[in-house]
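Student: I am new to this structure and would like a close look at a single part of it. Could you take me through the stretch that carries the binding-site annotation, and then show me some of its surroundings?

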Amino acid sequence: VESGMEEIPVKVAVRVRPLLSKEILHNHQVCVRLVPNAKQVIIGKDHVFTFDFVFGKNSTQEEVYAVCIKPLLVSLTEGYNATVFAYGQTGSGKTYTIGGDHIASAAVDERGIIPRAIQELFNHISEHRNINFCVKVSYIEVYKEELRDLLDLETSVKELHIREDEKGNTVIVGAKEFQVECADEVISLLESGNAARHTGTTQKNEHSSRSHAIFTISVCQKQSAQYQKNTDVAQDPIASKFHFVDLAGSERVAKTGNTGERFKESVQINSGLLALGNVISALGDPKRKSVHIPYRDAKITRILKDSLGGNAKTVMITCISPSSLDFDESLNSLKYANRAKNIRNKPVVNYNPEKDRIDEMELEIRLLREALQSQQVNNQHLHDLNEEKARISSLEEQLTRLQVQYFSYRNCVDEAFPFLVDLNDDVSLRRSQRDRLQSWITMVQKVRKEALTIQETDTGTETSPVPHHITILQLKRELKKCQILQNQIKTLLQEKEEQQDFLKEAQETQRLQLKMKLEKFTDVKALDFSSAYEDGAAVMAFARRPYSVPVTKNLLRPLHLTSGTEIQKGYTSPPVLSLAQIMAEFHVRRQIILSKLEDQDKVLHHCLSDQSDEEEDNTGSEEKTSYKHSINRTWTQNHTSLYFLPDVSDIKRQVDKSDLSNKSALQTDTTTGEEIDSLQKIHVFNMQKLKNSELRLAEAEQKIRELALNIKKKEELIKELVRTG
């Protein structure tokens, strides 16, 4: 749980060192001065800067610590992260202010920030006995953009990584932390780390820092158990960190005179400080919401991410040189420090995340214990139940064996009893033997009577010799058999349903096949009969037709009979076959076949002579009326009933009579000889077609008979399938 996130600005302090003795010797002029009681710095003629704290050349180490760092230490004990870092050019007094060098040999007044903070922290710990403190320290160096552990030099560079924890705080993974119990231990570790730090001599400083150093104190505090017991108030453990950062100084090669390895170091140092300056500029920009913060440009900026704009209370101490030769560097440092004032952090109280993990683990352990106990109880119950079942089974087996022995003994007694009775009647026995035999018979009768009484009591009216528990066992076995039979019956019922479904599918498939075959047969029969009537001379149809044959003088002349008799009226013949049952089953197909026959029907036209006279006209009118009446009666008969196919012999007789009448009419007219020849040819051609039609009709009849037999067989097969299920 975190407290409310309140934004606070980064505190910026400026410390101006005095001129060094060699600078005085070379007559360096002072270009920086302070405004008394105004917290302002004036550099040059008109560059004025205002900061949170300003320290002049006469300021002491104690004054700097008390004003800037002591509030941070109080925040550290309250659970806030704190950071102090010194920024400035080479030789401006950063390491001296931080107090990271020559600690043991320095005088008490000359000690810097780190030794004073360590001493005060342990003083605070000694004053609060009701709180258990755990203090750990680590010391990391950033040299040429690589991390080094100054407290454990054997740690590989590849093992150190900068990461973020689950709360977004920056941590250095792989850095070794040493738990300490007193201030002297911390000072000793700090001295050993300083001895391993990269330093070098330049024209600006004899002991110039050639790397960035981060000394971290981690404090975890928790109320003691005795205090919690007395106050009944539990407080969550708090974990906070204090970072002391000593930056390498920015430098110009022209002034430091660095060459070779020192020059490469200068390039890396300036690169890291440039990235830090960019971060400060981006964070100090009033419009920084739309500006990217380049934390990842350098290792030092990634480490200081929480300190600059993150979860920490931060103090930036800018160290500058008053010498006029360092005017440019001092002015740049003051500009960065002025921008850093606009950086706003969001520090929060950092409760120990291990507390949450411990609570979760304790809850999980409690739940697991409860589950284990429940499992053990269940296992015990199961074990007891199994033992009880085994004991019951053993007793049942023992009882069964005893029952078998009992029946065998009783059978033996039943067989021996009649013999004993007969033997008792034997007079040759002595008196002692007879008395003994009588006692046996009496005992057997008594036992039989008792057994019979017990049986009647247990079974009521039943006299079965089987005991009650045996009956229960038999009933259980019968119940199991019944259950097995029920399962078998269910399986058989399912199989029966599946077979019924399969039979239904087979019947449906058979019905569809029969329907398809009958449709094919009907189509073939209709086509054969329609072709036969198209080839014949008679004009007949089996359904309504929209038009009749036009009866004209040309048509009536060859149809005129010399005997004066009327033309024979047309009629429908009886059916070719007795297919009433088949036609009734396929009544639905009637309309489709009628429409096909209607479409295939044709009108017969004759090319006759145009000659006529009035007598023939009169006769023609009578014949016309009779003919039309006969035709219409034939064509319109029974439109709504089933149609009947005409007999082929009737068709042939009608054609013969029509041809004979045509011949007699043509022979009376000697002027139409050519037409007679033409009609004879037509007659021969039509007769040939009629024979072909008769052959096709015979084939169709044969197919009908075969199909009828096939249908009958399949109907019998279906009936047999239905009957047998």
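Tutor: Here is a walk through the annotated stretch, followed by a strand residue, a small sheet and the cysteines. Please keep in mind that this is a predicted model.

Let's start with the record. UniProt, in an unreviewed entry, places a "binding site" feature at Gly88, Gln89, Thr90, Gly91, Ser92, Gly93, Lys94 and Thr95. Two glycines from this list make a nice pair to look at. Gly88 belongs to strand 7, which covers residues 82–88. Gly91, in turn, sits in the loop between strand 7 and helix 3 (94–98). Their exposure can be worked out from one cut-off: a residue counts as buried under 20% relative accessible area, and as partly exposed between that value and 50%. Gly88 has 5% relative accessibility, so it is buried. Gly91 has 23%, and therefore it counts as partly exposed.

Now go back to strand 7 and find Tyr87, which is among the residues that Thr318 touches. Thr318 itself is part of strand 17 (residues 313–320). Because its relative accessibility is 0%, Thr318 counts as buried. Leaving aside residues up to four places away in sequence, its contacts also include Val12, Ala13, Val14 and Arg15, along with Ser333 and Ala337.

Those last two names take us to helix 10, which spans residues 327–340. Helix 10 lies across strand 4 and strand 5, and runs at about 35° to strand 5. These strands belong to an open sheet of three strands, in the order 3-4-5, with antiparallel pairing. At its edges are strand 3 (32–35) and strand 5 (47–50), each of which pairs on one side only. On average, and ignoring direction, neighbouring strands in this sheet are turned by 25° against each other. Looking at one pairing in detail, strand 3 and strand 4 (residues 40–43) run antiparallel and are joined by four bridges. One residue pair to pick out is Leu34 and its bridge partner in strand 4, Val41.

Finally, a word on cysteines. A disulfide is a covalent bond between the sulfur atoms of two cysteines. This structure holds zero disulfides. Two cysteines to find are Cys31 and Cys68. Cys31 has a relative accessible area of 11%, so it is buried. Cys68 is also counted as buried, because its relative accessibility is 3%.

Terms used
Residues numbered from 1 in each chain as written. Predicted model: local features only at pLDDT ≥ 70, side-chain atom pairs only at ≥ 80, totals over all residues. Heavy atoms only, no water. UniProt positions renumbered as here; feature names shortened; annotations may be inferred. Buried < 20%, exposed > 50% of the residue type's maximum accessible area, 1.4 Å probe, protein only. Contact = heavy atoms within 4.5 Å. Pairing = 2+ DSSP bridges. Axes fitted to C-alpha atoms, helices over the stretch in contact; angles between N-to-C directions. Disulfide = S-S within 2.5 Å.
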